[in-house]
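Visitor: I should like to learn how to read a protein model step by step. May we begin with the overall layout and then turn to single residues?

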Amino acid sequence: MSPKKEKVFCAFCRTPHEVFKEKSFGLRHMILSGLASLCLSFVIWKTYNPKSLLFFVTGLMLAEVFLRLRWRLHINCRTCGFDPVLYKKNPEQAAENVKAFLVKRQAEPGYLLRKPLDLPPRPPSQTKPNKLGPSSKSLSTRI
Ligand SMILES: [Zn+2]
């Protein structure tokens, strides 16, 4: 029973990566937690004891926390640092995190050997005006 993963594409850089499908506990975790609590009951009290329900509930709580943490840690894009959960709550903060991640990525020594990112083009209204004027574009072609 290996954890099921789903292949998704990053919403920002379109890089494929895998994320865990399970976000919360299911029937499988309930059965495993029940069996574990039953075993603990027989180990501790030599028979079934209703106090073992506490182990069952604790096991479910641990499973929920573990699954949530695992899902949350793997949902981020490892290529560009985009966090879709944060983007839904605070898009500006998500953009700042991606910028910081890309700056940090450029500082790494293997940056030039990596595959370039397939970043979305900026709309013309957000591009910076060219300080050198319109002839600067043709300057690079003349050299
Ligand atoms: Zn990405």
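**Reading the model from layout to residue**

Guide: We start with the order of the elements, which from the N terminus on is β-β-α-α-α-α-α. The protein thus contains two strands and five helices. Please keep in mind that this is a predicted model.

Visitor: How many residues does the protein have, and what percentage of them is buried?

Guide: Burial is judged by counting neighbours: a residue is buried if 20 or more other C-beta atoms lie within 10 Å of its own. In this protein of 143 residues, buried residues make up 9%.

Visitor: Which residues form the largest nonpolar core?

Guide: That core has five residues, namely Phe12, Cys77, Cys80, Phe82 and Val98. Val98 serves as an example of its contacts: residues up to four places away in sequence aside, Val98 touches Phe12, Cys80, Gly81 and Phe82.

Visitor: What share of the contacts joins residues at least 24 apart in sequence?

Guide: Here one considers contacts between residues at least 6 apart in sequence, and 46% of these join residues at least 24 apart.

Visitor: How do helices H1 and H2 pack, and at what angle?

Guide: Two values describe such a pair, the angle and the separation of the axes. Helix H1 covers residues 27–45 and helix H2 covers residues 53–74; they pack at an angle of about 140°, and their axes are 8 Å apart. H1 is therefore oblique to H2, since an angle must be over 145 degrees to count as roughly antiparallel.

Visitor: Is the crossing of H1 and H2 left-handed or right-handed?

Guide: The crossing of these two helices is right-handed.

Visitor: Which residues of H1 and H2 meet?

Guide: From H1 come His29, Met30, Ser33, Gly34, Ala36, Ser37 and Leu40, and they meet Leu53, Phe55, Phe56, Gly59, Leu60 and Ala63 of H2. By type, the residues of this contact of H1 with H2 comprise eight nonpolar, five polar and no charged.

Visitor: Where is Leu40 found, and how is its surrounding read?

Guide: Leu40 belongs to helix H1. Leu40 has 18 C-beta neighbours inside 10 Å and so counts as partly exposed, because 20 or more would be needed for a buried residue. Setting aside residues up to four places away in sequence, Leu40 touches Ser52 and Phe55. Ser52 is twelve residues from Leu40 in sequence, and their C-alpha atoms are 7.2 Å apart in space.

Visitor: Is Glu6 in strand E1 buried or exposed?

Guide: Glu6, which is placed in strand E1, counts as exposed because it has 10 C-beta neighbours inside 10 Å, and a residue with 12 or fewer is exposed. Beyond its neighbours within four places in sequence, Glu6 is in contact with Glu18, Val19 and Lys21. The C-alpha atoms of Glu6 and Glu18 are separated by 5.4 Å, although the two residues are twelve apart along the chain.

Visitor: What should one look for in the phi angles of the backbone?

Guide: The general idea is that most residues other than glycine have a negative phi. Arg14 is not a glycine, yet its phi is positive, about 65°. Arg14 is in the loop between strand E1 (5–9) and strand E2 (16–20). With 14 other C-beta atoms within 10 Å, Arg14 is partly exposed.

Visitor: What is the phi of Lys46, and where is Lys46 placed?

Guide: Lys46 also is a residue other than glycine with a positive phi, near 65°. Its place is in the loop between H1 and H2. Lys46 counts as exposed because it has 8 C-beta neighbours inside 10 Å.

Visitor: In which loop does Tyr111 lie, and which residues does it contact?

Guide: Tyr111 lies in the loop between helix H4 (91–107) and helix H5 (136–142). Tyr111 is exposed, as 12 other C-beta atoms lie within 10 Å. Leaving aside neighbours within four places in sequence, Tyr111 is in contact with Arg105 and Gln106.

Notes
Residues are numbered from 1 along each chain as its sequence is written. This is a predicted model: local features need pLDDT of at least 70, side-chain atom pairs count only at pLDDT 80 or more; totals for chains, interfaces and linings use all residues. A nonpolar core is a set of buried Ala, Val, Leu, Ile, Met, Phe, Trp, Tyr and Cys residues joined through C-beta atoms within 7 Å. Two residues are in contact if their C-beta atoms, placed from the backbone, lie within 7 Å. Helices (H or I, at least four residues) and strands (E, at least two) are DSSP runs, numbered from the N terminus. Axes are lines fitted to C-alpha atoms, for helices over the stretch in contact, and angles run from 0 to 180 degrees between N-to-C directions. Angles under 35 degrees count as roughly parallel, over 145 as roughly antiparallel, 65 to 115 as roughly perpendicular and the rest as oblique. A crossing is left-handed if the near helix is turned anticlockwise from the far one by less than a right angle, and right-handed if clockwise. Ala, Val, Leu, Ile, Met, Phe, Trp, Tyr, Cys and Pro count as nonpolar, Asp, Glu, Lys and Arg as charged, and the others, Gly among them, as polar.
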